[in-house]
Amino acid sequence: MELAELQETWSKLDKKVESQKTITDKMVMDVVKIKHNNKIRAILKYEGAGTVVLFLGLIIVIWNIHLFDTLPLQICAVFSIIVMTLLPILSLTSVYRMNHIDMAKRNYKETIIEFTKRRTHFLMVQKWGMVLSGIFMFTVIPITLKIVKGKDFFAGESNNLLWFIPIALIAFFFFARWGYGCYVKITADAQDILKELED
């Protein structure tokens with residue numbers, strides 16, 4: 001009888017310990033998920049601000065589309081509209097995908113592998129975004145000049161602005177490099193947070 005009682009007590013204790021472990025694992029997972037999401041939300045703030053600026057620019061260009069009466073201006077306007085539409089969609093989608101990994105359905109290794117894939121995709125989108133933004137900078141100058149001053153950049157009506165292009169290009173290069181470096185660091189920190197699950 002004592003042995004049966006001992007086995008029953010042992011079984012109850014074992015179930016209680018297993019239940020405690022499950023609760024602890026869930027709490028650890030929840031804390032890791034919150035810390036991870038906070039890192040990704042930092043990126044979302046920057047991308048959200050950029051999206052608002054591009055959206056306002058898109059509205060201004062579309063509102064003034066009738067001003068672009070020459071083929072070069074029309075090409076610049078169409079390219080600018082495409083970039084101002086495409087970049088936020090690609091960028092915000094890749095941030096969303098990084099932030100929405102179902103950790104409960106994956107083990108530690110699968111979670112890290114999935115996040116690494118999504119992080120790589122996000123950083124690739126950022127690299128292509130920098131290239132498109134560099135080209136966009138050249139197309140937005142003529143259409144901005146036409147909207148603001150009514151002058152056609154391609155007709156030579158604004159040759160005094162040519163000095164601005166190299167300065168803007170250099171400033172853009174350093175800003176884009178700095179921003180990309182920040183994104184690399186933030187996403188690496190988010191990945192390190194996920195690695196806490198291994199401990």
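The average pLDDT of the chain is 79, and 76% of the residues score at least 70. The model is predicted, and confidence varies from one element to another: helix 1, covering residues 2–63, has the lowest mean pLDDT, 73, while helix 2, covering residues 71–99, has the highest, 90. Where pLDDT is low, the predicted coordinates should not be read in detail.

Helix 2 is a useful place to begin. Cys76 is one of its residues. Is Cys76 buried or exposed? Its relative accessible area is 7%, so Cys76 is buried, the cut-off for buried being under 20%. Which residues does Cys76 touch, leaving aside those up to four places away in sequence? They are Thr139, Pro142, Ile143 and Phe154. Thr139 is 63 residues from Cys76 along the chain, yet the C-alpha atoms of these two residues are separated by 4.8 Å.

The next feature is the largest pocket, which holds about 1000 Å³ of space. It is lined by 37 residues, and those closest to its centre are Glu47, Gly50, Leu54, Ser133 and Phe175. Four elements each give two or more residues to this lining: helix 1, helix 2, helix 3 (108–149) and helix 4 (164–195). Helix 3 gives the most, with 12 residues. Sorted by class, the lining of the largest pocket has 27 nonpolar residues, nine polar ones and one charged one.

The last topic is the aromatic rings. A pair of such rings is described by the distance of the centres and the angle of the planes. The structure holds three aromatic pairs. In one of them, Phe122 and Tyr183 have their centres 5.4 Å apart and their planes at 50 degrees, an arrangement classed as tilted. This pair links distant parts of the chain, as Phe122 belongs to helix 3 and Tyr183 to helix 4, with their positions 61 residues apart. Phe122 has a relative accessibility of 0% and therefore counts as buried. Tyr183, at 9%, counts as buried too.

Another pair is formed by Phe173 and Phe174. Why is this pair edge-to-face? The ring centres of Phe173 and Phe174 are 5.4 Å apart, and the planes stand at 75 degrees, so the pair is edge-to-face; the cut-off for that class is over 60 degrees. Phe173 has a relative accessibility of 45% and so counts as partly exposed. Phe174 has 51% and therefore counts as exposed, because the cut-off for exposed is over 50%.

Technical notes:
Residues are numbered from 1 along each chain as its sequence is written. This is a predicted model: local features need pLDDT of at least 70, side-chain atom pairs count only at pLDDT 80 or more; totals for chains, interfaces and linings use all residues. Side-chain values use heavy atoms; hydrogens and water are left out. pLDDT is the predictor's confidence in each residue, from 0 to 100. Buried means under 20% relative accessible area, exposed over 50%, partly exposed in between (1.4 Å probe, protein chains only). Contact means heavy atoms within 4.5 Å. On a 1 Å grid over the protein atoms alone, a cavity is a set of points where a 1.4 Å probe fits but cannot get out, and a pocket is an open set with protein on both sides within 12 Å along at least five of seven lines; lining residues have an atom within 4 Å of a point. Grid points are joined across faces, edges and corners, and a volume is the space filled by probe spheres set on the points. Ala, Val, Leu, Ile, Met, Phe, Trp, Tyr, Cys and Pro count as nonpolar, Asp, Glu, Lys and Arg as charged, and the others, Gly among them, as polar. Rings of Phe, Tyr and Trp (its six-membered ring) pair if their centres lie within 6.5 Å; planes under 30 degrees apart count as stacked, over 60 as edge-to-face and the rest as tilted.
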